[in-house]
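Me: I would like to work through a structure by question and answer, taking its residue contacts, cores, ring pairs and pockets in turn. Please end each reply on the value or name requested.

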Amino acid sequence: LLPAGLGAVTGLSAAADWPTGPLQLVVAYPPGGVSDAAARALAERLSARMNVPVLVTHRAGAGGALALAALARAAPDGHTLCFSAISPLTTPDSQAGGGAALRAQLAPVMSVMATPVLVAGTTALPGEGFEALLAAARRPQGLRWATSGPQTVGHRVLEAVEAVAGGRITHVPYKGGGQQLTDALGAQFEVLSTNVGPLQLGHLRSGRLKALAVGAPARLPVLPEVPTLAELGVPRANLVSLFGIFAPGRTPPAVLGRLNAELNAALQSADLRAALQAADNLPTGGSAEDFGRRIEEEARARGQPQR
């Protein structure tokens with residue numbers, strides 16, 4: 001056994017010596033989406049604060065679960081982090097072996113942003129508005145709806161709408177938002193769940209996409225004419241995506257504390273907050289404990305066993 005107090009001293013020493021080299025921030029989705037832009041902006045400010053490179057890489061798949069599962073196997077030294085939505089950790093049948101099992105292997109560091117969900121139609125969807133979606137679902141051939149992956153928040157929105165649509169909706173899963181948006185512009189399906197970002201807004205203005213609804217606490221200032229899913233009578237579908245930073249589960253507490261402090265300070269940057277808000281993301285931040293509580297609450301709401 002270690003002498004009394006030595007564990008705490010060792011943890012403090014680890015924090016004092018950390019980082020010993022570049023940090024790697026793994027984005028759990030392909031390049032080109034809202035998560036990519038947010039992670040790169042955060043990495044840039046974190047690098048400036050800590051005077052070490054923060055290298056952004058991507059590991060897409062299973063709605064973020066592949067990257068988080070890989071993070072759980074990484075060295076718990078604070079040099080490898082992951083930027084992901086919390087959905088893979090709160091899903092009962094997560095493709096990474098179960099949300100509860102995955103949560104037990106990871107350490108939440110800080111929530112970064114809450115992102116509204118945009119339900120949009122492509123030019124393959126006849127008509128306008130949410131009623132056009134419902135009418136298409138009730139056709140004999142049904143409706144094709146694309147998301148950025150199974151068990152993502154966009155997929156949950158689809159399932160909640162399907163439960164009240166009285167028709168047939170075929171799920172078209174992607175590994176992330178980039179290719180999904182490209183195929184949407186090519187009218188490869190009728191509807192998609194996506195983020196509200198500059199690219200999406202540009203395509204809405206040009207008419208290449210049609211805004212049908214948003215998942216958000218209230219109508220978005222940038223899309224004031226678009227109703228929320230709660231207004232449309234589907235409150236269970238009125239969801240937002242919560243994104244944050246994670247570390248391997250055995251990372252020393254003192255290192256996690258330092259990471260949380262540096263990330264919170266980086267998130268207070270006026271230009272970073274403005275960039276997030278310009279895409280209708282709500283910057284969050286806060287303690288690791290608060291982030292962990294939010295994840296457990298979401299898991300409980302979805303019928304997950306607790307850790």
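Me: Which residues is serine 35 in contact with, leaving aside its neighbours within four places in sequence?

Reply: In this predicted model, serine 35 lies in helix α2. At 5% relative accessibility it falls under the 20% limit, so serine 35 counts as buried. Leaving aside neighbours within four places in sequence, the residues in contact with serine 35 are Val27, Tyr29, Phe83 and Phe243.

Me: Which residues do ring pairs link into a cluster?

Reply: By the ring-centre rule, the count comes to four aromatic pairs. The pairing of rings links three residues into a cluster: Tyr29, Phe83 and Phe243.

Me: Is the pair of tyrosine 29 and phenylalanine 243 stacked or edge-to-face?

Reply: A pair of aromatic rings is described by the distance of the centres and the angle of the planes. For tyrosine 29 and phenylalanine 243, the centres are 6.1 Å apart and the planes stand at 70°. Planes over 60 degrees apart count as edge-to-face, so the pair of tyrosine 29 and phenylalanine 243 is edge-to-face.

Me: How many residues apart in the chain are tyrosine 29 and phenylalanine 243?

Reply: Both tyrosine 29 and phenylalanine 243 are buried. Tyrosine 29 is in the loop between β1 (23-27) and α2, whereas phenylalanine 243 is in strand β9 (residues 240-248). The pair thus links distant parts of the chain, with a separation of 214 residues.

Me: How is the pair of phenylalanine 246 and phenylalanine 291 classed?

Reply: Phenylalanine 246 in strand β9 and phenylalanine 291 in helix α12 (residues 288-301) are 45 residues apart, and both are buried. Their ring centres are 5.2 Å apart, with the planes at 45°. That angle is neither under 30 nor over 60 degrees, so the pair of phenylalanine 246 and phenylalanine 291 is tilted.

Me: Which helix gives the most residues to the largest nonpolar core?

Reply: In soluble globular proteins, nonpolar side chains tend to be buried together. The largest nonpolar core here has 52 residues, of which Leu25, Phe83, Val109, Val112, Met113, Ile245 and Phe246 touch the most other members. With eight residues, the element that gives the most to this core is helix α2 (residues 34-50).

Me: How many residues does the other core have?

Reply: This other core lies apart from the largest nonpolar core. Among its members are Val117, Ala132, Val153 and Ala237. Its number of residues is 25.

Me: Which residues line the second largest cavity?

Reply: The count comes to two cavities of 30 Å³ or more, and the second largest holds about 30 Å³ of space. By class, its lining has seven nonpolar, no polar and no charged residues. The residues that line the second largest cavity are Leu25, Leu42, Leu46, Val54, Leu81, Ile245 and Leu263.

Me: Which element supplies the largest share of the lining of the largest pocket?

Reply: The largest pocket contains about 540 Å³ of space, and of its 36 lining residues, Gly33, Val34, Ser35, Asn195 and Gln200 are the closest to its centre. Elements that each supply at least two residues of this lining include α7 (153-165), α8 (177-185), β7 (191-195) and α11 (270-278). The largest share, five residues, comes from α2.

Me: How many nonpolar, polar and charged residues are in the lining of the largest pocket?

Reply: Glutamine 200, one of the residues closest to the centre of the largest pocket, lies in helix α9. At 8% relative accessibility, glutamine 200 counts as buried. Not counting residues up to four places away in sequence, glutamine 200 touches Leu118, Leu181, Thr194 and Asn195. By class, the whole lining of the largest pocket has 17 nonpolar, 19 polar and no charged residues.

Me: Which element gives the most to the lining of the second largest pocket?

Reply: The second largest pocket has a volume of about 220 Å³. Of its 13 lining residues, Ala114, Pro116, Asp280, Asn281 and Leu282 are the closest to its centre, and the lining divides into nine nonpolar, three polar and one charged. Two elements, β4 (106-121) and β10 (282-283), give two or more residues to the lining. The element that gives the most, with three residues, is β4.

Notes
Residues are numbered from 1 along each chain as its sequence is written. This is a predicted model: local features need pLDDT of at least 70, side-chain atom pairs count only at pLDDT 80 or more; totals for chains, interfaces and linings use all residues. Side-chain values use heavy atoms; hydrogens and water are left out. On a 1 Å grid over the protein atoms alone, a cavity is a set of points where a 1.4 Å probe fits but cannot get out, and a pocket is an open set with protein on both sides within 12 Å along at least five of seven lines; lining residues have an atom within 4 Å of a point. Grid points are joined across faces, edges and corners, and a volume is the space filled by probe spheres set on the points. Ala, Val, Leu, Ile, Met, Phe, Trp, Tyr, Cys and Pro count as nonpolar, Asp, Glu, Lys and Arg as charged, and the others, Gly among them, as polar. A nonpolar core is a set of buried Ala, Val, Leu, Ile, Met, Phe, Trp, Tyr and Cys residues joined through side-chain atoms within 4.5 Å. Buried means under 20% relative accessible area, exposed over 50%, partly exposed in between (1.4 Å probe, protein chains only). Helices (H or I, at least four residues) and strands (E, at least two) are DSSP runs, numbered from the N terminus. Rings of Phe, Tyr and Trp (its six-membered ring) pair if their centres lie within 6.5 Å; planes under 30 degrees apart count as stacked, over 60 as edge-to-face and the rest as tilted. Contact means heavy atoms within 4.5 Å.
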